[in-house]
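Biologist: I would like to learn how to read charge pairs and annotated domains in a model. Can we go through one case together?

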Amino acid sequence: MTVTSEKHALDAETDEEFRARLRDFLADSSPGPRPKDPGEKVAWTKAWHATLVDHGYAGPSWPREYGGMDLPFARQVIYQEEIARARVPGPLGTGLGIVAPTIIKYGTPEQKERWLRPMLRGDLVWCQGYSEPEAGSDLPALRTTARREGEEYVVNGQKVWCSAGVIADVFFTLVRTGTPKSRQKGITYLIIDRHAPGVTVRPLKDLAGGAVFAEMFFDDVRVPVTDRIGEENEGWPLVRTSLGHERAAGAMNQAATYRRILSELVDLARERGLTVDPLVRDRLTDFEIRVRLIRYNAERIISGILTKGEPGATSSVSRLMITAFEQDLHEFAVDMLGPDGIVLKASDQAVQRGRWLQGFLMTRASTIGAGTAEIQRNTVAEQVLKMPYDPAMPPR
Amino acid sequence: MITGLTEEHEELREITRRFLAEKSSLTQVRKLAESGANRDDAVWHQMADQLMLQGIAIPEEYGGAGYGPVELGIVLEELGRALTVAPYLATVALAGQTLTTCSDNEARSAWLPGIAEGAVIATLAVADETGEIDPAGVTSVATSAGEDWKITGTKRFVIDGVGADMIIVAARAGEELALFTVKGDAEGVRREPLAQLDPTRQVATVNLDNALAVRIEDDATAVLARVADLVAVALAAEQTGGAAATLDMAVEYTKIRVQFGRPIGSFQAIKHRCADLLTEVESARNAAFSAASLLTQDDPEGPVAAALAAAWCATTYTHAAKENIQLHGGIGFTWEHDAHFHLKRAKTSELLLGTPARHRARVADLAGI
């Protein structure tokens, strides 16, 4: 089929037909059971995303020239709902939601060509290099330096909390090209090859015993100037770029995912005869209420975008709601299991492969990563409620 | 999928808010509350004549505007925000929605035009002991004498029962549950105001001693099932407005109150509490709105959405009202400050018409937990 006739087919299709077509595809091409071996799991996930791209089912909001689907927003929402429903693996690394919008908005044609499609296919796994040991919530305090030498930057410093750092091929980082005190006015956005000489990646064992995160060390790493996004010293505004629409559609994916997880928890409670306990029942009801509210909030954010072009105040607070929800849910699940709650996923006695305990541990990060809940609350208070700035904080 | 508010909705909100800012300031609320009045009569009539607020959810053939639960929710959110002293919840949300839900044309044409015009104050009394919209709690007895019916029983916690021109009463007619209209001044009706927490809304005990009643011809159980959901959502909207108003009040105060040489709103301890409240209030708004939309569309999810909105919005309002007092410090504890009116309204509306615990139990039942 030619591109033109495909586009015609898409235009003629109703939302429900689109949903059915997507659902059929996801059912027919499902990647099969998740391998236990970490290396096999990476290959399995990459293969799935390559399949999606090759059949035209990836990057719902992305332009077609980079392998995307270029869907109208309402269809992106349907896409996210069906992806959540199908329980297929998400993309590896942290590139899609964060660096891709930046490249789309600020990248050169050559950079787009080189990075976007491979990112979508999973051929290149991306990893975030923003945070530093002394610069997490106070990101403008970062100290990794880049010194210009001809057509190269020479990078020295350290990054931390790099999700997927161990399996990544490329890092998108913020480095200091200005004076040490220049704060956000002296920051440059660089893409660094993981295999460049002078790059060391050290897995950071997390409290669950895994190594989702890594530390990265740069020792005289030479980065071509052509791998800089935007202008020198003007990297800071790029950090805030995001495809707001894609995030909003992703909220629907989250709502659908949590709906499924809660239903599985209620089933587990029922199997174990616990729903007759009024306390258990009331806690489950609390989650039932919240999971529906998460969905209503997502719908409100989406309808705000569709009707007014902006998501409204709910979008600022929905993350606070969701992170608290997933922490509470997993902790309750562990409590509900009693002693079975402590059995690690490595044990063959683990209930449901130890997923609830694993979730309890891993969701500790959800109120820390991507800006702590405390910083998030400050932002909501200052930007939505217009409360005064804290004079003790550095100026923004 | 729930669609958002339209421009017309925003306009309705704006008009209502402007009207109430002028006619129902907190100073006026306080004056009415302290005088023991159930409304400012002039304002009540302007609401009906100028804005058609009483008729918002009444079909056009009865003189209303022909809208539904979503639009009623917008009006109630604004009335709740302003703490307006008026028998609106009772007349429009309770009695009005009961009449529009039932199919008895005689009852509808007898009462709906008067409600839409603002000429009739009405209310609803279902469960005798608790005031909830719960058929299981109906113990009053109706006996027929030819065309007429006589009702005997005691209805507690009747909202605006004293000032009502008409009360819709649930009673047992033999094996059957039935609904009746009873005129407020009918022989055999004795109404006593209840000394209770909320000075901005009146609650009565209504004694019926062979009171003359007219039967509403319909399946009362089915009508009340729907009405319970509609009322839950209406009250949730009012509570959302109250919660939003207390959050605004608290935030404004923290911007101007200086302590340790800086506005207290610049302290994280204060900011975080306000941000958490905003999370609750935004969710409350979406809960009430989503439930109203789902009920309008007769979506199967309507009843569970109504129950969760009832539970969430009630607790959010009370939480916000308590935080408002705390964030005001000492002044918030005084009679002269308005914060206590919200606390009293919040706690009262949390406990009338079904507690959050009752609504949560309903969520569990409906969601199959």
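The dialogue below takes up salt bridges, a charged patch and the domain records.

Modeller: One caution to begin with. This is a predicted model.

Biologist: How many salt bridges are there over all chains?

Modeller: A salt bridge here is a side-chain nitrogen of Lys or Arg within 4 Å of a carboxyl oxygen of Asp or Glu. By this rule the count over all chains is 64. Take Asp340(A) and Arg272(A): their closest N and O atoms are 2.7 Å apart. The two residues are 68 apart along the chain, and the pair links distant parts of it. Asp340(A) sits in the loop between α10 and α11, Arg272(A) in the loop between α8 and α9.

Biologist: Are Asp340(A) and Arg272(A) buried or exposed?

Modeller: Partly exposed is the class between under 20% and over 50% relative accessible area. Asp340(A) has 31%, so it is partly exposed. Arg272(A), at 35%, is also partly exposed.

Biologist: Why does the salt bridge of Lys271(B) and Glu382(A) join two chains?

Modeller: That pair meets at 2.5 Å, N to O. It joins two chains because Lys271(B) lies in helix α8 of chain B and Glu382(A) in helix α12 of chain A. Lys271(B) is buried, at 0% relative accessibility. Glu382(A) is buried too, at 8%.

Biologist: Which residues does the salt-bridge network join?

Modeller: Salt bridges that share partners make one network, whose members include Lys308(A), Glu10(B), Arg13(B), Arg17(B) and Glu77(B). Glu10(B) and Lys308(A) form a salt bridge of 3.8 Å, N to O. Glu10(B) is in helix α1 of chain B and Lys308(A) in helix α9 of chain A, so this pair also joins two chains. Glu10(B) is partly exposed at 28%, while Lys308(A) is exposed at 52%.

Biologist: What forms the positive surface patch?

Modeller: Patch residues have no salt bridge and over 30% relative accessible area. The patch holds Arg34(A), Lys36(A), Lys41(A), Lys345(A) and Arg353(A). Lys41(A) lies in helix α3, residues 38-54. With 35% relative accessible area, Lys41(A) is partly exposed.

Biologist: Which residues of chain A do the UniProt domain annotations cover?

Modeller: Both come from an unreviewed entry. "Acyl-CoA dehydrogenase/oxidase N-terminal" covers residues 13-123. That span is 63% helix and 0% strand. "Acyl-CoA oxidase/dehydrogenase middle" covers residues 127-221, a span with 0% helix and 52% strand.

Biologist: And chain B?

Modeller: UniProt lists the N-terminal domain at residues 6-118 of chain B, again from an unreviewed entry. There the chain is 68% helix and 0% strand.

Definitions and conventions:
Residues numbered from 1 in each chain as written. Chains lettered and ligands numbered in written order. Predicted model: local features only at pLDDT ≥ 70, side-chain atom pairs only at ≥ 80, totals over all residues. Heavy atoms only, no water. Patch = residues over 30% accessible without salt bridge, like charges linked within 9 Å, V, L, I, M, F, W, Y side chains within 5 Å. Areas by Shrake-Rupley, 256 points an atom, 1.4 Å probe, with all protein chains shown as cover. Lys, Arg positive; Asp, Glu negative; His and termini not counted. Charge placed at Lys NZ, Arg CZ, Asp CG, Glu CD. Helix = DSSP H or I, 4+ residues; strand = E, 2+ residues; numbered from the N terminus. Buried < 20%, exposed > 50% of the residue type's maximum accessible area, 1.4 Å probe, protein only. UniProt positions renumbered as here; feature names shortened; annotations may be inferred.
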